[in-house]
Number of protein chains: 2
Amino acid sequence: MSLGWKMVGVSTLLYLLCLGSVQAGKLLVIPADGSHWTGMKPLVEELGRRGNQVVVVIPEASLSMGPSEHTTTLTYPVPYTKAQMKERVPSNLEALFSVDTSTDTAKFVGFFFTLQMLQNLTVKNAESLLYHEDLMVKLKDLEFDALLTDTFEPLGTIVAEYLNVPLIYLQGNHPCDVDLLAAQCPGPASYVPRQMTHFTDQMSFWQRSVNTVRALLHPAACRYLHTQADKIASKFLQREITTVEMMSRAAIWLMANDFTIEFPRPLMPNMVPIGVISHNNPKPLSEDLEEFVNGSGDHGFVVFTLGSMVSELPEAKAREFFEAFRQIPQRVLWRYTGVVPKDAPKNVKLMKWLPQNDLLAHPKAKAFITHGGTHGLYEGLCNGVPMVMIPLFGDQGDNVQRMVVRGVAESLNIFDITSEKLLGALRKVINDKSYKEKMMKLSAIHKDRPVEPLDLAVFWTEFVMRHKGAQHLRPAAHDLNWVQYHSLDVIGFLFLVLVTFICVMLKTCQFCFRRCCRSSNKKKKE
Amino acid sequence: MSLGWKMVGVSTLLYLLCLGSVQAGKLLVIPADGSHWTGMKPLVEELGRRGNQVVVVIPEASLSMGPSEHTTTLTYPVPYTKAQMKERVPSNLEALFSVDTSTDTAKFVGFFFTLQMLQNLTVKNAESLLYHEDLMVKLKDLEFDALLTDTFEPLGTIVAEYLNVPLIYLQGNHPCDVDLLAAQCPGPASYVPRQMTHFTDQMSFWQRSVNTVRALLHPAACRYLHTQADKIASKFLQREITTVEMMSRAAIWLMANDFTIEFPRPLMPNMVPIGVISHNNPKPLSEDLEEFVNGSGDHGFVVFTLGSMVSELPEAKAREFFEAFRQIPQRVLWRYTGVVPKDAPKNVKLMKWLPQNDLLAHPKAKAFITHGGTHGLYEGLCNGVPMVMIPLFGDQGDNVQRMVVRGVAESLNIFDITSEKLLGALRKVINDKSYKEKMMKLSAIHKDRPVEPLDLAVFWTEFVMRHKGAQHLRPAAHDLNWVQYHSLDVIGFLFLVLVTFICVMLKTCQFCFRRCCRSSNKKKKE
C-alpha cells in the first residue's frame with residue numbers, strides 16, 4: 001500500500017499501527033535508495049508479514065524505492081523527479097570508462113572524489129523530510145519501538161535521534177568504514193584492508209603502509225563525508241552533534257555480509273554478521289530462454305550484466321565484448337541496451353533486463369561476467385558460478401579482490417579491456433576446473449549456517465523492539481575519550497612511574513657508592 | 001557405555017565408528033575435569049544422539065568425568081586414585097578462608113599462585129595418555145574429523161596437533177585470557193577487564209592502570225602457565241612448540257558465556273558466543289522438599305550452596321551463617337556437611353546434595369547464596385533469583401562483580417563475613433524489589449536468543465567436521481609477527497618519511513631564504 005502522506009488520515013494510520021498481536025512491535029523504516037533498498041526490502045516485508053506494524057518513509061521520487069508488502073508506505077515531496085535522477089546516471093558513468101583507476105594514487109583520488117560526491121548526494125532528502133512538520137509530528141506521536149535504517153544516507157539516523165528510538169542498521173560496505181568508527185570496533189590496519197583500497201588481508205609492506213595511512217585518515221574522512229549531514233542535524237536538533245556520534249548509539253548493526261567472502265576481522269557483540277538476505281528462490285526459465293541456453297549443448301552459457309545502473313557501453317568497448325563472445329563456444333546472455341554492431345555474433349542474446357538469479361541457478365551456467373556488486377556477487381556465489389569481474393565504482397573493486405584471491409574469479413579493468421584479455425579470462429574460468437571446484441566449496445560453506453540471514457535479521461530487529469534496545473551489548477568503550485580508549489594516560493603514568501623508579505634506584509646506587517668510596521678513603525687515610 | 005581401553009576390541013570400535021549416516025562425523029573429545037566436564041557433557045551427548053561417532057577419552061580416575069550417553073568412552077591409567085584427588089580439595093580450601101583476597105595486591109599475588117598451581121595440575125594426565133602407545137595409535141587410525149577439548153587442560157590441544165585434526169574449544173573463563181592471545185582477539189585494556197582483577201568495564205584511572213599492567217603481563221603469564229605443557233608437547237612432538245601456538249590453530253572457539261553477564265568486548269569471527277549450555281529443565285521438587293519450602297508461606301526460601309567442591313566451612317564461619325539464618329523469616333536450604341551447632345535454627349535444612357536448579361526454579365525461591373561459579377550463576381539468572389555472592393577462588397570474584405554491577409546481587413567476603421553483614425545483604429536482595437525486577441529483565445534478555453546454546457554448539461562442531469575446519473574464519477593476523485601486527489614497522493617507515501619530508505622542506509626554505517638574503521645584500525651593495 002503506497003500512500004502519499006496527504007492521503008493518509010491519522011486515524012487510519014493509528015488503526016493500522018494498533019492492529020496485530022500485543023507482542024508485535026512498531027517499526028519505522030527509513031531506507032536508502034538503489035541496491036540498499038533491494039537488500040532491505042525482504043526484511044521489511046517479512047517483519048510486516050509477522051504482524052509487526054512497519055511504516056516505511058520514502059521520498060516521492062526515487063530510483064528503486066516503492067511500496068512493499070505488509071507495510072505502510074508514507075512518502076514526502078522532494079525537489080526533483082525520478083526522470084531527473086535517471087538522467088544523471090549515464091553522464092557520471094561515462095567518466096568511469098576513460099580513467100585507469102587501478103593504481104594506488106588513482107584509488108586514493110577516487111576515494112576522496114567519492115566522499116565529496118556522496119557528501120551532498122546522501123543528504124539530498126534530509127531536509128525535505130525533517131522539515132515536513134506534519135509528518136514528523138505524526139511519526140513522533142506513533143511512538144515507534146525502533147527505527148531501521150542504513151548508514152549510507154544519514155537521514156534515518158537523524159530521525160532516530162529526534163524521536164529518541166533505538167536504532168538498527170542494515171549495513172553493507174561503507175566508504176569510510178563508519179561501522180568501525182561508530183561501533184568502536186577494532187580493525188588492525190595490518191590485516192583489515194580499508195574500503196576502496198582493493199587490498200586483501202595479505203598485504204605487502206607497501207600495502208600495509210597505504211592501509212595504515214588510510215586507517216589514520218578514515219576518522220577525518222568520515223567527518224568530511226558527513227559535513228553536510230552534521231550541519232543539517234545540528235540545525236534541526238538545535239544542538240551541536242555529529243553523525244558519527246548519533247550512529248554510535250545504534251543498538252544493533254546487522255552486518256549484511258559473510259565471512260565466506262569478507263576477510264575475517266574483529267566484530268563487536270552488537271554487530272551481527274547476518275549474511276546477505278537472499279533473493280527469491282530461482283524460478284525455471286521462460287521457454288525461449290530455456291531454448292536459447294540449451295542451444296550450445298554441453299558448452300553451456302555465460303551470463304553478463306554490469307548491474308542495474310549500467311546497461312550501455314561506449315561503442316568501442318562494446319565491440320571488444322562482441323569480438324570475444326564470437327570466439328567462444330558458449331552462448332551469452334547480456335543485459336545491454338547500447339549500440340549493436342551489424343555483424344553481432346549469433347551466440348549472443350541481448351536483453352533489456354534478464355532474470356539474473358534464475359539464469360545463474362541453471363545447471364548450464366558456466367561463467368558470470370559481473371561488475372562485482374554485492375547482490376550479483378552473492379547470487380553467483382550461491383549458485384556456484386565462477387566469475388569474470390569488471391569493477392566499475394564504489395565497493396566493487398574491493399569485492400572483486402575478495403573473489404580473485406579465493407581462486408573463483410578473474411578480474412579485468414574496464415579502462416584497458418580488450419577482446420583478447422576478456423577471452424583469456426573467460427576461457428580460464430570456464431575450462432580450468434579449479435575455479436568451479438573452489439566456487440562449489442565456497443558456495444557450500446556460504447550456505448551452511450545455523451540461521452538463515454532473513455530470520456537472523458528479523459530476530460534481532462524484533463529483539464530490539466521487545467527490549468527497547470540492546471543495552472547489554474553496548475561496549476563501555478563508548479564512555480571513554482580517545483586518550484582513555486588507547487590507554488595513553490595510563491601509559492604516560494606507567495612511564496612516569498618507571499622513570500621515577502629508575503631515578504630513585506640510580507640515586508640510591510650513587511648514594512651507596514659515595515658512602516662506600518668515602519669509607520674506603522677514610523680507611524686509607526687511617 | 002564406559003569401557004576401559006583394554007576391554008575394547010579394535011573391531012568393535014571401528015564398527016561403532018562406521019555406524020550411522022554418511023553425513024555424520026567422527027569426533028574425538030578430550031575433556032577437562034570438574035565443572036568443565038559438566039559444561040561439555042550435554043554437547044557431547046547431543047552430538048552422539050544425532051548420529052555422530054563420538055569417542056570421549058578420559059583418565060581412569062577423575063572427580064566428575066565418567067561415561068556419557070550415545071558416546072564411546074575410553075579410559076587410560078593414571079598414577080593416582082579418585083580418593084587421593086578428593087583428599088587434596090579440603091586442605092587447599094582451608095587456606096582460602098583465612099586470607100583477605102579483596103585487595104589489588106592480594107588479587108595479583110593470588111593470580112600468580114593460581115598460575116603456579118595450575119602449571120602442573122593441568123598437565124597431570126598429559127603424559128599418561130600421550131605415551132599410552134596402543135591408545136594413541138588407535139586414535140590416529142580412527143581418522144577423526146575434529147577434536148573437541150578445553151583450554152584449561154592442554155592435553156587435548158597436544159593430541160589435536162599430533163593427530164592433525166581440526167580443533168574446537170569449548171571455552172569458559174581462562175586465568176590468563178588465553179583466548180584473546182591464541183585467537184588474536186583485540187581486548188583494549190581500557191574497558192576489557194582482565195581475569196581475576198575483579199574489575200568491571202567501567203574502571204577508575206587506577207584500575208585501568210592495574211588492568212593495563214595485567215594486559216601487558218598476560219602473554220608472559222600464559223607462557224608461564226604453560227611451561228610444563230610446552231615441555232611435554234615439545235618432547236612428544238619432537239619439535240619446539242608452545243601451547244599457545246598450537247591453540248592458535250583452533251578452528252572454532254565455542255565461547256560458553258553470554259553478554260547478559262559478560263562485559264561487551266570484541267570477538268573474532270571464529271569465536272562463537274554460544275551462551276551457556278543449559279542444564280536439564282527443572283523438575284518438580286520431592287514431596288518433603290516441597291513441604292519444607294512452603295513452610296514459611298509467602299516469605300519463601302533461600303538456596304545456599306558453595307559449589308560442588310565446598311560443602312564444609314570452619315566452625316566459626318558456619319556459626320555466623322546459622323546466626324543470620326535464625327533472624328530471617330525465610331526457610332533456608334543449605335548444602336552443608338560440616339559441624340552443626342546444637343542450637344541450629346529450625347528454618348534451616350541441611351543437605352548433602354540439593355537439586356539446585358529445581359529449587360531455584362520454584363516460584364518461592366527468594367534468594368540464592370552462591371560462590372559465583374559459572375553454572376550456578378546461570379541457573380540463578382535463568383530462574384531470575386537475586387543473589388548474595390561469596391566468591392572463593394578462580395573466576396568467581398570476576399563473576400560476582402558482573403552481577404553486582406547490574407544490581408542483581410550483593411557481594412560478601414568470606415574472610416570477614418559476619419552474621420550482620422550476611423543478614424544485611426540477604427534482607428537487601430529479598431526486600432528491595434529492584435533486585436528482583438532487574439534480575440527478571442536480565443533473565444528475559446538472557447533467554448531471548450535466536451538459537452539455543454546447545455544447538456549452536458552442535459551446529460558449529462558439525463560444521464567443522466563437515467568442512468574439515470573453518471579456514472574461512474581464520475584471520476590473517478596469525479600470519480603476522482608482533483611488529484607487523486601492531487604496524488610498528490609501518491609506523492617507523494611513515495615517521496622516517498615524515499622526518500625526511502620536514503628536513504627537505506626546511507633545507508629548501510633555508511636555501512630560498514639565503515638566496516633572497518644574498519640578492520637583497522647584492523642590491524644594497526649596488
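Visitor: How many salt bridges does the rule find across the interface of chain B and chain A?

Guide: Happy to start there, and bear in mind that this is a predicted model. The rule asks for a side-chain nitrogen of Lys or Arg within 4 Å of a carboxyl oxygen of Asp or Glu. R466(B) and D448(A) form a salt bridge, with their closest N and O atoms 2.7 Å apart. Across the interface of chain B and chain A, the count comes to four.

Visitor: Which elements of chain B give two or more residues to the side that touches chain A?

Guide: The side of chain B that touches chain A draws on helices, so here they are with their bounds, by the DSSP rule for runs. They are α9 (205-225), α18 (433-447), α19 (453-467), α20 (482-485) and α21 (488-525) of chain B.

Visitor: How do the residues on that side of chain B divide into nonpolar, polar and charged?

Guide: Chain B brings 49 residues to the contact, and chain A brings 49 residues too. On the side of chain B, the split is 30 nonpolar, ten polar and nine charged.

Visitor: What area do chain B and chain A bury between them?

Guide: The size of an interface is often given as the accessible area lost when the parts come together. Here 69% of the buried area is on carbon and sulfur atoms. The total for chain B and chain A is about 4,000 Å².

Visitor: Which helix of chain A holds the partner of D489(B)?

Guide: D489(B) meets R208(A) in a salt bridge, at 2.5 Å from N to O. The pair crosses between chains, starting in helix α21 of chain B and reaching helix α9 (residues 205-225) of chain A.

Visitor: How far apart are the end C-alpha atoms of residues 490-513 of chain A?

Guide: The unreviewed UniProt entry places a "transmembrane region" at these residues. The span is 100% helix and 0% strand. Its end C-alpha atoms in chain A lie 34 Å apart.

Methods
Residues are numbered from 1 along each chain as its sequence is written. Chains are lettered from A and ligands numbered from 1 in the order in which they are written. This is a predicted model: local features need pLDDT of at least 70, side-chain atom pairs count only at pLDDT 80 or more; totals for chains, interfaces and linings use all residues. Side-chain values use heavy atoms; hydrogens and water are left out. Contact means heavy atoms within 4.5 Å. Buried area is the accessible area (1.4 Å probe) that two parts lose on being put together, summed over both. Helices (H or I, at least four residues) and strands (E, at least two) are DSSP runs, numbered from the N terminus. Ala, Val, Leu, Ile, Met, Phe, Trp, Tyr, Cys and Pro count as nonpolar, Asp, Glu, Lys and Arg as charged, and the others, Gly among them, as polar. UniProt positions are given in the numbering used here, feature names are shortened, and annotations may be inferred rather than shown by experiment.
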